[in-house]
Amino acid sequence: MISYIVGTVQEATMMVMIGQILAMWLIVGWTIVWFVRDEKRRYDAVLRAKAMHFAKAPHYRHPEPQEPEIFGL
């Protein structure tokens, strides 16, 4: 039955090997995509933490404006 669909045993073996190579490349591609997305999330988390620090740290806040002294009055 398989020889009717595929042809010879060599052709069937070749189809299995092609499927395995395709599966390996899909795994490699997905791993690279996963790594890049994870690194971007990590970078965004660090940037968000820095932004929160600069937004809430008291020594980065602007002082209140003061009235200028006019001739000591």
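This is a short conversation about reading helices, salt bridges and surface in a predicted model.

Visitor: What should I know before I start reading?

Guide: This model is predicted, so local features need pLDDT of at least 70 and side-chain atom pairs count only at pLDDT 80 or more, while totals for chains, interfaces and linings use all residues. Residues are numbered from 1 along each chain as its sequence is written, and side-chain values use heavy atoms, with hydrogens and water left out.

Visitor: How many helices and strands are there in the protein?

Guide: Helices (H or I, at least four residues) and strands (E, at least two) are DSSP runs, numbered from the N terminus. Here there are two helices and zero strands. Helix 2 spans residues 9–56.

Visitor: Which residues form the salt bridges?

Guide: A salt bridge is a side-chain nitrogen of Lys or Arg within 4 Å of a carboxyl oxygen of Asp or Glu. The structure holds two. R42 pairs with E39 at 3.0 Å, N to O, and K40 pairs with D44, with 3.2 Å between the closest N and O atoms.

Visitor: Where do these partners lie in the helix?

Guide: R42 and E39 are three residues apart in helix 2, about one helical turn. K40 and D44 are four residues apart in helix 2, again about one turn.

Visitor: Are K40 and D44 buried or exposed?

Guide: Buried means under 20% relative accessible area, exposed over 50%, and partly exposed in between (1.4 Å probe, protein chains only). K40 is exposed at 52%, whereas D44 is partly exposed at 28%. E39, the partner of R42, is partly exposed at 29%. Of the protein's 73 residues, 3% count as buried.

Visitor: Which residues form the nonpolar patch?

Guide: Patch residues have over 30% relative accessible area and no salt bridge; like charges are joined within 9 Å, nonpolar side chains (Val, Leu, Ile, Met, Phe, Trp, Tyr) within 5 Å. The members are I21, M24, W25, V28, I32, F35 and V36, together with about 760 Å² of accessible area, by the Shrake-Rupley method with a 1.4 Å probe, counting only the protein chains shown as cover for residues. V36 is found in helix 2.
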